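Work through the exercises below with the sequence and the structure open beside you. Try each task before reading its solution.

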Amino acid sequence: MEDWAMTDLSSWLDKHTFHHGEFWDLLKLVKEKERKGLTISLCIPTLNEEKTIGKEIVIFKSELMDRYPLVDEIAVIDSGSTDKTREVAASFGADVYLSADILPEQGFKRGKGENLWKAIYQCKSDIICYVDADIKNIHPRFVTGLVAPLIYNDHMHYIKAFYDRPLAFSQGIRPSGGGRVTEILVRPLFSLFFPDLTALIQPLSGEYAVRRQVLHEIPFPIGYGVETSHLIDVYMKYGLAAFGQTDLDQRVHRNQSTLDLGKMSFGILQSFLSRMEAYGLVDKLPATSNIFRQFQAEGNRYQQTTREIIEEERPPMITIPAYRERFGIAEQ
Amino acid sequence: MQDEQQFSALLSQLSGYRSQLSGLRELVLANAIMLGEIPAPLFGEDKATAFIRDRFMESALEHISLDEVGNVSAVLPGSGGGGTILVAAHVDKVWDGSIDHSVTVSPELLKGPGIADNSIGVAAMVSLPEILRHLGIQLKSDLILLGTTRSMGRGDLAGLRFFVENVQRTPDCAVCVEGVQLGRLSYSSLGMVRGDIYVRTPEERDWLSYNNKGAIVALNRIIDRILAIETPRQPETSIILGSVMAGTAYNVPPTKATLRFEVRSEQRGMVARIVDRITEIIEQINAEDGVHAELSVIARRKPGGIEFSHPLVKSTRKIMERLAIKPKVAPSTSELSTFVDKGISAITLGITRGEGKHSLDECAAIEPIFYRFDPAGGCSSGNRWRIGQ
């Protein structure tokens, strides 16, 4: 069972893991998009991002609308920034919306997931590509790398970004994977309950492109749990085959404090448990639950490493006869 | 006559061109940002020139090439009957590749190391084919676009010199593009010599030797004597002491010191006379005590250029006038001398207003690139607009 799962995942990794460099030919990509009659919306959820939003809009508009007509609209969906985020984004030509103004009869909840959800209503295209606004080293690859697998592969529906983090390593094989919350919380949870989903190198990355027919069928936690919840729902409905992931090289963003990561983990755990409950999985541990899955990379090839971690249990010492004899304790 | 008619027709279209240009705003800015974020230290410009080459390919230019010294060039063919115009911008920056090259963007400003010198200049050059296409302008002349390497400091314009010396068809005229300042109009080149003075004093300090107080003191004596050299105010001549490097501690006199300096003058022969005088000073110091001093010249330019009344300068002034840009005429010590050497008419122009050149907070104003010249404009943090002319 374990061998089968491993082979399967390694072949999935080969066929569903991309590098943005594979899609350098934007002219070809635009032609294929037009041939298939697809439309693409780029959605950037924001809350007080005036420092980075301007650059994102300039680069995306110039490269992916003016130069290559890949993206049909750029929608900034804002949670109510108190800085100049909306003004800056609009000045460089983005369509800017206040989250609260979209579907007002549904009310307004503050959270990134809220903006992503409302984007499905506001944006018009077949594919929505979500990109966070806090990326310091923004580049067209953050969009092209995610939409290209959807344009070329009709059977894929949900493409996640992953980044090769600049971990210190000397040469050859290096450890790879996500941030602290991914490695400490999400990957252990997935290893236990959804081993297939451990094939996603960075399940929490905020950049992904998804087809509308998938997006409008899944619920959206409004806070930190949105990515985790999506993965479980899409997986339960379509299986791992619907996913792809693209290496976008480095992503430079602000670092979060351990306290913030704690809040994030709490939100993720809430969403995770609610999904487990929804699928009746809370008390069902799959057979391979003692296999923990991590990643290592060699060049541009990613491999899962599995480790059997068995947390065996010993009974209370007082139940051991030799112990009771040694300390003169009578059997209870 | 026909040319004059064409030129006045062009002048009358300028304001229309300017408003059409707003459609290319993000395209030009994106080029500046992406170029700004690619490190391009002296002798390490290859990533930036590769980016420029890719842009030339996307613009479907001809004869795209990277030459032996790393310059990147391409040709936008004209309809025929014109000559050849070269538009050049230097790609190298003063910054080492290890610093953070992030560019930040606000509605008014681009900010980041090297953004004004010379990412915006290169972006303007690289965007020219799109700009001409967008404005529906078909040139008669062939247009050579050139990103040069090895221009600054010790690079000593090696890239541009290589290109001008080896290009298969010599351009009839050239425009050098710098990010800042808008209004700059340089058409003549100062004579210039740039050099290092190294001073060495003996390792073992002899307490009895009054003169040996270390390399800083010895260099200071040289500096005193250089400052005593008389320079004429007209034609403008100056000796610039740019950098001093010596010592590491509070209480140990160093045995080595270096001074970097530049001498520039509009008058032919003046720079050579001053450098001769500096050489004498160094010989004197060497003769006087146990100090060893030497001069090494790292760059030399001849003075020269074209006249204020040259058609290239005249037309440029008229265009600037029509765009309400007040020309700021200043001789150059850099690119122009290379063209002067080859008898090619050339000018240097600035694209926008900027501040903090060669600082980590170097910034450039966005609006003057596209719309208008604001005489009170400039850039600083936030929305404040200051700096006058």
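**Exercise 1. Find which residue stands opposite Ile85(B) in strand 7 of chain B, and describe how strand 7 of chain B is paired and covered.**

Solution.

Step 1. Ile85(B) has Cys173(B) opposite it in strand 7 of chain B. Strands here are DSSP runs of E with at least two residues, and helices are runs of H or I with at least four residues, both numbered from the N terminus. This is a predicted model, in which local features need pLDDT of at least 70 and side-chain atom pairs count only at pLDDT 80 or more, while totals for chains, interfaces and linings use all residues. Residues are numbered from 1 along each chain as its sequence is written, chains are lettered from A and ligands numbered from 1 in the order in which they are written, and side-chain values use heavy atoms, with hydrogens and water left out.

Step 2. Strand 3 (residues 84–90) of chain B pairs with strand 7 of chain B in the parallel sense, over 4 bridges. Two strands pair if DSSP finds at least two bridges between them.

Step 3. Strand 7 of chain B also pairs with strand 16 (residues 345–352) of chain B, in the parallel sense and over 7 bridges. Here Val177(B) stands opposite Leu349(B).

Step 4. Of the 8 residues of strand 7 (residues 173–180) of chain B, 8 are buried. Buried means under 20% relative accessible area, exposed means over 50%, and partly exposed lies in between (1.4 Å probe, protein chains only).

**Exercise 2. Is Glu178(B) buried or exposed, and which residues is it in contact with, leaving aside its neighbours within four places in sequence?**

Solution.

Step 1. Glu178(B) belongs to strand 7 of chain B. Its relative accessibility is 7%, so Glu178(B) counts as buried.

Step 2. Contact means heavy atoms within 4.5 Å. Leaving aside neighbours within four places in sequence, the contacts of Glu178(B) include His90(B), Asp117(B), Arg184(B), Glu335(B) and Leu349(B).

Step 3. Ser265(B) is 87 residues from Glu178(B) along the chain, and their C-alpha atoms are separated by 22 Å.

**Exercise 3. In what order do the 4 strands 10, 11, 12 and 13 of chain B lie in their open sheet?**

Solution.

Step 1. The order is 11-12-10-13, with antiparallel pairing. Strand 11 (237–246) and strand 13 (292–301) of chain B are the edge strands, each pairing on one side only.

Step 2. From one strand to the next, the twist averages 15°. Axes are lines fitted to C-alpha atoms, for helices over the stretch in contact, and angles run from 0 to 180 degrees between N-to-C directions.

Step 3. Strand 10 (residues 191–200) and strand 12 (residues 256–265) of chain B run antiparallel and are joined by 10 bridges. In strand 12 of chain B, Arg264(B) is the bridge partner of Met192(B).

Step 4. Helix 6 (residues 215–227) of chain B packs on this sheet and touches strand 10, strand 11, strand 12 and strand 13 of chain B. The direction of helix 6 makes about 15° with that of strand 12 of chain B.

**Exercise 4. How many salt bridges does a search of the whole structure find over all chains, and which parts do three of the pairs join?**

Solution.

Step 1. Side chains of opposite charge can pair when their charged atoms come close. A salt bridge is a side-chain nitrogen of Lys or Arg within 4 Å of a carboxyl oxygen of Asp or Glu. The search finds 36 over all chains.

Step 2. Lys33(A) and Asp72(A) form a salt bridge at 2.9 Å, N to O. Lys33(A) is in helix 2 (residues 26–35) of chain A and Asp72(A) in the loop between helix 3 (50–67) and strand 3 (73–78) of chain A, 39 residues apart. Lys33(A) is buried at 3% relative accessible area, whereas Asp72(A) is partly exposed at 39%.

Step 3. Glu26(B) and Lys61(A) form a salt bridge at 3.1 Å, N to O. Glu26(B) lies in helix 2 (residues 25–37) of chain B and Lys61(A) in helix 3 of chain A, so this pair joins two chains. Both Glu26(B) and Lys61(A) are buried.

Step 4. In the salt bridge of Asp196(B) with Arg154(B), the closest N and O atoms are 2.4 Å apart. Asp196(B) lies in strand 10 of chain B and Arg154(B) in the loop between strand 6 (142–148) and helix 5 (158–166) of chain B, so the pair ties together parts 42 residues apart in sequence.
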